[in-house]
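I set out here what I looked up in this structure, entry by entry. The topics are one residue, the sheet and a pocket.

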Amino acid sequence: MTFKRISIEQTLKLMTGNYCVADIRDPNSFAMGHIENAVHLTNDNVQSFIESNDKTTPIIVVCYHGNSSQQAAQVLASQGFTEVYSMDGGMEAWKLSHPVVTSHE
């Protein structure tokens, strides 16, 4: 299995159904703002994420600029997830046209 690269517009279309957004940025960046309902995916929780999530749910992986998310998306695809996407432009592009949710932890 492999992942697909998608635009922000394609991401928005996917987000109208059942989906999961996996944000792989560092904890501070995630805390400062992320896509609503995004899961903060780190080296510490990736194994439990793989084990506990439905492999048929579409997963949209986001990072800063859309580069690191490609490697993470490939890892998830290789673990049996059937519909994995890397969002081109990452959170920097997303923030230009969409609000981000700020976490208050």
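I first fixed the term: buried means under 20% relative accessible area, exposed over 50%, and partly exposed in between (1.4 Å probe, protein chains only). The model is predicted, so I noted that local features need pLDDT of at least 70 and side-chain atom pairs pLDDT 80 or more, while totals for chains, interfaces and linings use all residues. Residues are numbered from 1 along each chain as its sequence is written, and side-chain values use heavy atoms, without hydrogens and water.

**Entry on Ser-86.** I located Ser-86 in strand β5 (residues 84-87); strands are DSSP runs (E, at least two residues) and helices likewise (H or I, at least four), numbered from the N terminus. Is Ser-86 buried or exposed? Ser-86 counts as buried because its relative accessibility is 0%. Leaving aside neighbours within four places in sequence, I found Ser-86 in contact (heavy atoms within 4.5 Å) with residues including Phe-3, Ile-6, Val-61 and Gln-70. A polar atom of the Ser-86 side chain lies 3.5 Å from the backbone nitrogen of Gln-70.

**Entry on the sheet.** I read an open sheet of 5 strands, in the order β1-β5-β4-β2-β3, with parallel pairing. At its edges, β1 (4-6) and β3 (39-40) each pair on one side only; pairing requires at least two DSSP bridges between two strands. Strand β2 (residues 20-23) is joined to β3 by 2 bridges, and Asp-23 has His-40 as its bridge partner in β3.

**Entry on lining classes.** I recorded 6 nonpolar, 2 polar and no charged residues in the lining of the largest pocket. Helix α4 (residues 68-78) gives the largest share of that lining, 3 residues.

Note on methods: Nonpolar A, V, L, I, M, F, W, Y, C, P; charged D, E, K, R; others polar. Polar contact = N/O pair within 3.5 Å; in protein donor to acceptor, adjacent residues only side chain to side chain.
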